[in-house]
Amino acid sequence: MDDLGKRLAALIPSDADVTEVAEAVARLVAMKHGTRPLRTHIDPSRDGSEVVSAVADRLRADFFRRIGLDSLLTAGSSL
């Protein structure tokens, strides 16, 4: 466990660019109200978080439908 930080840091590609985050924020802010996604991913390590979020969103939407709260799932919702 002593070198966990180093091992995690090694997962980030050396050419990862932090400006990707700023560019993503600027894109989101520029989007018209009601069109912004629930979340966005900047994932230079490709750790799979985008896939995990998509599956979680689908399961949550299925759950909302099963309990009759599908009216909360708007057309622009990522759920």
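The turns below go through the fold, the surface and the salt bridges of this predicted model.

Residues are numbered from 1 along each chain as its sequence is written, and side-chain values use heavy atoms, with hydrogens and water left out. The model is predicted: local features need pLDDT of at least 70, side-chain atom pairs count only at pLDDT 80 or more, and totals for chains, interfaces and linings use all residues.

Reader: What pattern does the chain follow along the sequence?
Author: Helices (H or I, at least four residues) and strands (E, at least two) are DSSP runs, numbered from the N terminus. The chain has three helices and zero strands. Read along the sequence, the pattern is α-α-α.

Reader: Is the chain spread out or compact, judged by its radius of gyration?
Author: The radius is taken over C-alpha atoms, and the globule rule is 2.2 Å times the number of residues to the power 0.38. For 79 residues that rule gives 12 Å, and the chain's radius of gyration of 17 Å is well over it, so the chain is more spread out than a compact globule. The C-alpha atoms fill a box, taken along the principal axes, of roughly 50 × 35 × 15 Å. The verdict from the radius of gyration is spread out.

Reader: What percentage of the 79 residues counts as buried?
Author: Buried means under 20% relative accessible area, exposed over 50%, and partly exposed in between (1.4 Å probe, protein chains only). Applied to the 79 residues of the chain, the buried share is 9%.

Reader: What share of the accessible surface belongs to carbon and sulfur atoms?
Author: Areas come from the Shrake-Rupley method with a 1.4 Å probe; for residues, only the protein chains shown count as cover. The chain's accessible surface comes to about 6,500 Å². The carbon and sulfur share is 59%.

Reader: Among contacts between residues at least 6 apart in sequence, what percentage joins residues at least 24 apart?
Author: Contact means heavy atoms within 4.5 Å. Of the contacts in the chain at a separation of at least 6, those that join residues at least 24 apart make up 20%.

Reader: Which residues does Leu28 contact, leaving aside neighbours within four places in sequence?
Author: Leu28 is found in helix 2 (residues 19-30). Leu28 is partly exposed, at 23% relative accessible area. Thr40 is 12 residues from Leu28 in sequence, and their C-alpha atoms are 8.7 Å apart. The contacts of Leu28 are Arg36, Pro37 and Thr40.

Reader: Which residue has a positive phi although it is not a glycine?
Author: Look in the loop between helix 2 and helix 3 (49-66). The residue is exposed, with a relative accessible area of 68%. Its phi is about 55 degrees, and its name is Arg46.

Reader: Which residue in the loop between helix 2 and helix 3 is paired with Asp57?
Author: A salt bridge is a side-chain nitrogen of Lys or Arg within 4 Å of a carboxyl oxygen of Asp or Glu. The structure holds five. Asp57 meets Arg39 at 2.7 Å, N to O. The pair links distant parts of the chain, 18 residues apart, with Asp57 in helix 3 and its loop partner being Arg39.

Reader: Is Asp57 buried or exposed?
Author: Its partner Arg39 is partly exposed, at 35% relative accessible area. Arg39, Asp57 and Arg60 are linked in a network of salt bridges. Asp57 has 8% relative accessibility, so it counts as buried.

Reader: Which residues does Ser53 touch, not counting those up to four places away in sequence?
Author: Ser53 lies in helix 3. Its relative accessible area is 16%, so Ser53 is buried. The residues touched are Arg39 and His41.

Reader: What is the N to O distance between the side chains of Arg65 and Asp62?
Author: Arg65 and Asp62 are three residues apart in helix 3, so about one helical turn separates them. Arg65 is partly exposed, at 47%. The salt bridge has an N to O distance of 3.5 Å.

Reader: Which residue, four residues apart from Asp62 in helix 3, is separated from it by about one helical turn?
Author: Asp62 is partly exposed, at 28% relative accessibility. The residue in question is also partly exposed, at 48%. The two side chains meet in a salt bridge of 3.4 Å, N to O. The residue is Arg58.
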